[in-house]
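Biologist: Show me the model, please. I will ask how each label is earned.

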Protein chains: 2
Amino acid sequence: MSRTTLQQIAISLDISVTTVSKALRSYPDVSKETIARVKEEAKRLNYKPNAFAVNLRTQESKTIGLVIPEIVHQFFSSVVKGVIEEAEKHGYVVIILQTDQKMQIEKKRIEFLIEKQVDGILLALADETISYDHLYEVKSLDLPLVMFDKIAKLVECSKVIIDDKKAGYMATKHLIDTGCKNIAHFRGPMMSQNSIDRFLGYKKALAEHNIVFKESNVYSCLKMSFEEGQENGKKMIEKNNGIDGVFVNTDLVAVGLITQLKKMGIKVPEEISVIGFSNWFLSSITTPSLTTISQPSFSMGQLIFKLLLSEIKNRKNNIPVEFETVIMPTELIVRESTLAR
Amino acid sequence: MSRTTLQQIAISLDISVTTVSKALRSYPDVSKETIARVKEEAKRLNYKPNAFAVNLRTQESKTIGLVIPEIVHQFFSSVVKGVIEEAEKHGYVVIILQTDQKMQIEKKRIEFLIEKQVDGILLALADETISYDHLYEVKSLDLPLVMFDKIAKLVECSKVIIDDKKAGYMATKHLIDTGCKNIAHFRGPMMSQNSIDRFLGYKKALAEHNIVFKESNVYSCLKMSFEEGQENGKKMIEKNNGIDGVFVNTDLVAVGLITQLKKMGIKVPEEISVIGFSNWFLSSITTPSLTTISQPSFSMGQLIFKLLLSEIKNRKNNIPVEFETVIMPTELIVRESTLAR
DNA sequence: CTGAAAGCGCTTACAG
DNA sequence: CTGAAAGCGCTTACAG
């Protein structure tokens, strides 16, 4: 059973392919009667336009690319969901590709999307990406690009991010406000801009409250794993330097830390308060539940698609494109792991 | 800057488009010298084939559709990862669509993929799907289809599943083997075949060990949420009928149950053993960590793509297609929430 | 209001 | 070994 074509409808109705094509899209210069006849026949023959032919003719694919470091991660899978849902509404298809945080793979993925002739690209940079040639290529092809979460400040395009520094500040300030005097920070990888900014927020909050920053109170979590939370928690306690609050770069590590503290007989939040980051689902179901900073993900997915779509449309209509940078709000979610003392 | 076409290369080298086309794909009937010249020129001009034209000509899209109930779910996002990685290796693109467990949405998504002319479809059925017209349409179009996780037994196609009944049996038997005498079951939705099969496995294990099945020991979790684990746990304890082990349909609910039991002062596993299902990431980091049944997800994603690809290729080469049903292994993961008594 | 013709960029059967 | 021609299925500028 092969697909119905415009030609078949034309023959069956004894009119031209041109008229059929126009009638199906309700062109005003086709008579109402013809439109009705054509549509009926199309329905009867279960006509579906050949997408390839349409693409070739219109030079549009109605497809966009979404490049992320890793899909099996609640933040990204939720962004993906937001993008897909929004794209569906507008008849767009989304190609999802992963980079595993590697620059070389990111370059390959971008090349691939260019070859596939997507109408635009959504990108969260890999941590290890340090040169932007592939992004300049995208720009030189006049291909709309929107970056999110991990962005390259130097590349001119629309961007959607959160203010990590402010959020890190907010988290640390919450510890200070609830009476912590000696606050540690479990930070993420050195290369990650998000980690750097959260760390800067931490330092800023300390400085503003006249608490001396000590390098020895900062612990690095390169993989941001549960185990690193445990290991660094152990190290921290063994130093025995009176920590009473910890701001952790991400929830998973925070849960590892709490597990370790419980194991060592230290009470959370009575002896040590812990605040995480991201508001992963798991943070609401641990014991104690985790105070954290929530960051938008689903709505970020929706927003980046909308920005990309408007850029696609503007370009098509030769309206000058203006790039914008949107900073989405983060929120303090107070749960059981921090306590006013 | 517009894209280079075959024609441009042909003009620049003063040979025909035909030869350029063949040379780029190293046809044996083109001279080595010409091949070299053409490839060099193509590189110099940064030639990339126009995917639409190729699609239109070859009637292949090198694109497949993947339809799942919900992406923000560890099992499915991990399947997605497996599919994408495998597809990338073979130059295929994956369109991911969600159904939210609704039959009507599933039908729409399948229609959409047919219109987009994907080369094949991977599908995990929505729980609420009860008629299969849309799948018969796929088959009538000779479009390769592979179902996984949630399948329709009546539809003829390749299938990849786990043996939920056997796995439910295994879980329950583990409780029996470790000394539980009075075992409850928290089951999933009535409509879900997976839930039904796990429940049947539970009953079978009881029967085989001469333990009387009691309807009153079965609790339904329609949404399979953390909260339902808590609520049903409360009900169960209030009944006060000496339950000493619970097989829970999925890990998240099991964690809810354990949280509730702890809250009520009941020790897990000393007083009540709990076993979950799926081996979600969170089950390894709770306190106590959760004994569970692991099911393949990443490797399931790889496998379903491979099956689909071989079907696509066989059809193309007119090799008769043989459907197969693969049952992937599940495994008992013993952790702290169950205990030999 | 209708339709003939050109063309999007490629691949392939065929002729030489 | 090379190339002219047809054609995949559509859309659009143009003529009538």
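Modeller: In this predicted model, the C-alpha centres of domain 1 and domain 2 of chain A lie 37 Å apart.

Biologist: Which residues make up domain 1, domain 2 and domain 3 of chain A?

Modeller: Domain 1 of chain A is 6-49. Domain 2 takes two segments, 61-162 and 298-328. Domain 3 covers 164-295. These bounds come from an automatic or database domain assignment.

Biologist: What makes chain A more spread out than a compact globule?

Modeller: Chain A holds 12 helices and 12 strands. Its radius of gyration is 26 Å, and the globule rule gives 20 Å for 341 residues. The value is well over the rule, so chain A is more spread out than a compact globule. The C-alpha trace of chain A spans about 90 × 40 × 30 Å along its principal axes.

Biologist: What does UniProt list for residues 4-58 of chain A?

Modeller: An unreviewed UniProt entry lists "domain: HTH lacI-type" for that span. In the model, residues 4-58 of chain A are 67% helix and 0% strand. The end C-alpha atoms of the span lie 20 Å apart.

Biologist: Which residues come nearest to DNA strand C?

Modeller: S16(A), T5(B), L6(B), N50(B) and A53(B) do, out of 25 residues around the strand. To count as near, a residue needs its C-beta atom within 6 Å of the strand. Chain A supplies two or more residues from each of α2 (17-24), α3 (32-44) and α4 (51-58). Chain B does so from α1 (6-13), α2 (17-24) and α4 (51-58). The most come from α4(B), with five residues.

Biologist: And which residues are closest to DNA strand D?

Modeller: There the closest are T5(A), L6(A), N50(A), A53(A) and S16(B), among 24 surrounding residues. At least two residues each come from α1 (6-13), α2 and α4 of chain A, and from α2 and α4 of chain B. For this strand α4(A) gives the most, with five residues.

Biologist: How many nonpolar, polar and charged residues has the surface near each strand?

Modeller: Near DNA strand C there are nine nonpolar, 11 polar and five charged residues. Near DNA strand D the counts are nine nonpolar, 11 polar and four charged.

Biologist: Why is the relation of chain A to chain B called that of a two-fold axis?

Modeller: Chain A can be laid on chain B by a turn of 180 degrees with a shift of 0.0 Å along the axis. The RMSD is 0.1 Å. That is the relation of a two-fold axis.

Biologist: How do you know that the copies meet through the same surface?

Modeller: 97% of the interface residues of chain A are also interface residues in chain B, so the same surface is used by both copies. The contact takes 33 residues from chain A and 32 residues from chain B. A pair counts as in contact when the C-beta atoms lie within 7 Å.

Biologist: What makes up the side of chain A that touches chain B?

Modeller: Two or more residues each come from α4, α5 (74-89), β2 (93-98), α6 (103-115) and α11 (251-263) of chain A. The largest share is that of α5(A), with six residues. By class this side has 18 nonpolar, 10 polar and five charged residues.

Biologist: Where does a cis peptide bond occur in chain A, and where in chain B?

Modeller: In chain A a cis peptide bond joins V268(A) and P269(A), with omega about 10 degrees. P269(A) sits in the loop between α11 and β9 (273-275) of chain A. In chain B a cis bond joins V268(B) and P269(B), and omega is about 10 degrees there. P269(B) lies in the loop between α11 (251-263) and β9 (273-275) of chain B.

Biologist: What is phi of Q101(A)?

Modeller: Phi of Q101(A) is near 65 degrees, a positive value in a residue other than glycine. Q101(A) lies in the loop between β2 and α6 of chain A.

How values were computed. Residues numbered from 1 in each chain as written. Chains lettered and ligands numbered in written order. Predicted model: local features only at pLDDT ≥ 70, side-chain atom pairs only at ≥ 80, totals over all residues. Helix = DSSP H or I, 4+ residues; strand = E, 2+ residues; numbered from the N terminus. Nonpolar A, V, L, I, M, F, W, Y, C, P; charged D, E, K, R; others polar. Contact = placed C-beta atoms within 7 Å. UniProt positions renumbered as here; feature names shortened; annotations may be inferred. Least-squares fit on C-alpha atoms with pLDDT ≥ 70 in both. Rg over C-alpha atoms; globule rule 2.2 N^0.38 Å.
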